[in-house]
Structures are given as structure tokens and as C-alpha cells.
Amino acid sequence: MKTRLEPEKRNRITVEEAVLLVNITYLLLIAGFCSIIFTKLKMPAIIGYLAAGIILANFWDGASTSTETIVSILSDMGLVLLMFFIGLELNLAKLKKSGMFVVMVAVIQLPLMLLAGYLAGIVMGWGMVESIFLGAVISGSSTAVIAAVLKEQEKIDKDTAETIILITVMEDIGQVLILTMAAPLLVGDTPALGSIIGMIGAIIVFIGASIGIGLIFIPRLLDWIGKKISSEVLLIVAIGLCFAMALLATKIGLSMAIGAFIMGVIVSQCQFSQEIMTKTEPMKELFMAIFFISIGLEIVPDELLHNIPLILIIFGVFALAKVSTVLLAYLLGNRKLKISFMSAVSLVAMGEFAFIIAKTALDAGVVSQSFYSAVIGAALVSMVILPFLSKNSDKIYDKVASSVPQAVHKKVDHLSCVRSDAYERMRSSKKSASLVRSKFIMIYIDLLVIAAIEIIFYFLSPYIYENLDPLLPSNIHIANSLSMIINFLVLLPPIINLVHNLKLIDEVMLEGGKRSRQRNNDCAESSGYEKFMKVSSVLLILTIDFIVLLIVPNPLVLWEEVAVILICLVVFVALIIRGLPRAKYAAANEKITQKIKKK
């Protein structure tokens, strides 16, 4: 039996409906109008959405608490759908077609971008957490903006453009992983050790169980629905699973973005993934527009003006690091220099994930409002400048190439020759190629272990200081010095393994170079890389260890750091005398070298 609503309740519902309609109307129309203006100015539509948020927050009297609430809810939906869509885009067939090149570019440049941002933050006097998040923010590029620019200008051939877009997708995936690994940092500057271990354990269990169990049941369920029921029901179930996984992620203290992305990866393995992607995209575009409006709502124009120097610094670090790291990855992938440069320049647009990571860090209180505003400003600058850079990338390359000295040309040609020789050597032997790939993977794992060790020591240092400092003289940092010495020793195993793997790769590369030089006299000159790799393993281990120690913030003064270095040297010499790093890998090196030379 139907019940009639009381007049007051009915009136309240009518008012709430009106508020919703008014807010949605203003949001979409102002965003649409701003986007049209910026599109006509040959700029990305995203800037229009951000401008709409700035206008609504700062220059429109109609904005209210209800507006912010509505935008917050809808922007969260946009974030979930974006991450779900990125997961769906992880097309294994495309990855197979492009080979491992795209993965290699992402694997090489993402950690280097993270390191560049971290070092820039440390140089500017920021703390470790803020510096890490700066690196995370600048590590990716915008898929939407770059795709639009490449499509409009057509300066690069179709295959190269598709490779660039796929690289941006891999960067998005990489940034999801970075955000996942940085999740313990979101609980504050000095979280409890138990909470860090618990959160890391929860992340590992959640991702492993979700993917493991999900891949067994969900693709089969969706395939059955797509074949037996209808495409409409298929879409509803897929989106429902997406939000369910996002909810589950929040229940264990993780970001909803992580859950949505994992479900996207799982759903991408069903037969109807392309159909689901096609029908999801319009919803994603709508709610993502509101997500960017929500970003604009938190931008204060005065703060942008006050942070112009910081905005330009962040953009400069991003642009320089992005071009350098992508160029390095392309060259290591045996691509031509001009194509490598043009591809690298085409990626100079800070990604949508910059906004997501910055907003997540701001909401958690681990970065300041000025940091957030500067990141938004730098992202806007990169999006505005990208069309010009991409359009003139070939001219920029030609101008730079014509202005560099002849000696530099010869050196570049020589390095290209050595690189081609190394690839020729690896192609001639499947075992050598497999060895190099496996050792690169081990090097990557070693670098991740080193980074994890430093993050752990960063959070352990306060506890070491609190427990030891009262027992020691207060005029010097003995507790912190002891922590650095322990850190030095803990870093030794992964660094020793890192140097060992570098030496083994070097053996393959040099052997390939020697054999090729018998046929090609242009590569007869010894390269700087070969000279570098002839440096003693012990010296390389010490250099890497001390560099890692010194780039991590510490309260020690100069003479205390020198004292710590001397103590570490004494300890290291003692370990060498006992034979720890000296001969550990000598037999393995010799054995593998002999195998390489026999081929």
C-alpha cells in the first residue's frame, strides 16, 4: 500500500532536487563553455575543466557547501572510472605486438623520474615524504592530452604514435604501483612501525588475492553474461564489480583507485573487454570532467601567482627529466636518435595522475597547499607548452644537431655503433639475450630493494634516536651516526648484487663489441662506458653505497658525515679481509664469461 509523504518532507526533497539540478547545470555548462574556448586556442579541454573549477570556487557567488559535496561525490566516481578504464586498456595483445620495448621504456624512465623529483625536492629543502611525492607526481605523462596533440598534428608516423600512447598507459600503471607503495607514507611523517608493516602486508595480500581469485572467476562470469544474457547487463555487472573492488580497497585502508584499477585489469581478460571499454568511456569522460572541476575548486589564483617560481622549477625539472630519461630509454632500445628525441618531447605533458597523487597527498596532510598549487600550475604549463614543443620537435632537433661540435657528433655516432654491435651480439645468441634480460630484471629488483631499505630506515631513525639518544652524549648525533652505519651495512648485499649484475651484462656487451669490431673498424675506439666498467667492483660498491646514504636527509653536520664515512670504510675493509664482497661472485663471473666467449 502506497504511503503519502508529509508536506515538509516532500518540500525538502523538492529543494534537494533543485539544488542538485542547479549545481549540475552550472558545473557542466561552465565547464563546456571554458573547454570550447581553450579548444579553439589549441589547448587541451582539461584546462577548460580546471578553469571552470577556479571560476566556480573564486568568482561565482552561487557556490556553496552543497556544490562541494556534489562535486566531491561525482569526482570520486570519475576517479574510480578512470582507474577502471586504465586497467581495461592494459591490452596484452598490444603489449605483445610492441614487444618488450614499451615495458623497457617505462621500467627505465619511471624510477629515474622518481629519483629526479626526489633529488629536486631535497635540493629545495623539502622533507623526504614531500620529495618522494614530487617524484611520483612528475613521473607520468597525460594520455588524453598527448593523444589529442599527436592526432591533431600528425608529425609522427602511426606506429610511433601508438607506441607513445602505450608508453603513457604503462606510466599510468607504474604510477598506480608508486601510489600503492607510497601508501604507508600517507599516514603521516612519523607513522607507527606497526602501522607501516600492517599496511604493506595488507597491500600485498589484497593485490595478490584480488588478482589471483578474480582472474579465476570474474572473466568466466562476464563471458557467460555476455553470451547468455545481454550487453546491457554485462556493462552493469562490470561497473558494479569495479565499484565493489574500490569499496573493498577503502575498507582495508587503501585508495579506491587501486581497487578500481585491479578490477579493470581482471575484466580486461574477458572476451567482451573491448565492448565494456567502449560503453564505459562516455561515463568516464563525463565524470572525469567533474573530477578536474573538483581540482579547480581547490585552486586559489593568488597562490598560483605567489608560487610562480616554484611552478617553473617543477615544470623545468619535469621537462628536463622526462626528455632525458625517455631519450635514454629509446636509445638503449636501439631506436634512431631523431625519432627518440621527437618521441621524448611528445611526452612532455604532466599526466592526469599528477592531480590524483597530489590531491591524495594533500587530503592526507603530507604535503602543503603551496606544493599542491605548484603541481597544478606546473601541469597546466606543461599542457599549454606541449603542442608547441611537439609541433616543432623536428626543427628543435635539427637546430641542436647543427649547432653541436663535430667532436660530439663523432662521439654520438660511436656510441650508436657500439649499441648496434651489442644488439647484434645479443640477437646472434638467444642465451646471451636471455641472460641480459634476466640480469636487467635483477638490477631493477636491486634498485627497488635499495629504495625500500632507505624508506624503512627513514621511518626507523626517529625510534632509534628516541631510544639511544638519552643514553649517549647530547652534543653530537651518535644515535643518528649509528643508524647511518647500520644503513650502510644493510645496503651492501643489494648493491653488491647490483654491481655483480652490471659486470655480467658488461661481459656480454664487450664480447659483442669485440666480435663486431672485427668486421667494423668504426667502433675500434674504446668507449667511455667500457672504461667506466673497468673500475674496480669494490670502488663501485662503495661509491653507490655512499651516494645512496648521502642523498637521504639526515641531521648530521659535515664533520659527522665525514666521520661516519671513515668508520664505514674501516668496516668495509674489515669485511674485505674476511672475504665478504671480494670473491663472492668471482667464480660465477668467470664461469659465465667463459660460456659467452665459447658462443
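This passage walks through the overall build of the chain, a nonpolar patch on its surface, and its cysteines.

The model is a predicted one. Start with the big picture: the chain contains 25 helices and zero strands, so anyone hunting for a strand here will come up empty-handed. There are 599 residues in the chain, and 47% of them count as buried. Turning to contacts between residues with a separation of 6 or more, 81% come from residues 24 or more positions apart. As for the outside, the chain exposes about 29,700 Å², and carbon and sulfur atoms supply 67% of that area.

Part of that surface deserves a second look. Five leucines, L112, L115, L119, L328 and L332, make a nonpolar surface patch of about 370 Å². Two elements give two or more residues each to this patch, namely α5 (101-123) and α14 (308-332). Helix α5 gives the most, with three residues. One of the patch leucines, L115, is found in helix α5. Its relative accessibility is 37%, and L115 counts as partly exposed because this value lies between the 20% limit for buried and the 50% limit for exposed.

What about the cysteines? The number of disulfides comes to zero. Two cysteines can be placed with respect to the surface. C242 has 0% relative accessibility, so C242 counts as buried. C568 also sits at 0% relative accessibility and therefore counts as buried too. For both residues the cut-off is under 20%, so C242 and C568 fall on the buried side.

Key. Residues are numbered from 1 along each chain as its sequence is written. This is a predicted model: local features need pLDDT of at least 70, side-chain atom pairs count only at pLDDT 80 or more; totals for chains, interfaces and linings use all residues. Side-chain values use heavy atoms; hydrogens and water are left out. Helices (H or I, at least four residues) and strands (E, at least two) are DSSP runs, numbered from the N terminus. Buried means under 20% relative accessible area, exposed over 50%, partly exposed in between (1.4 Å probe, protein chains only). Contact means heavy atoms within 4.5 Å. Accessible areas come from the Shrake-Rupley method with a 1.4 Å probe; for residues, only the protein chains shown count as cover. Patches are made of residues with over 30% relative accessible area and no salt bridge: like charges are joined within 9 Å, nonpolar side chains (Val, Leu, Ile, Met, Phe, Trp, Tyr) within 5 Å. A salt bridge is a side-chain nitrogen of Lys or Arg within 4 Å of a carboxyl oxygen of Asp or Glu. A disulfide is a pair of cysteine sulfur atoms within 2.5 Å.
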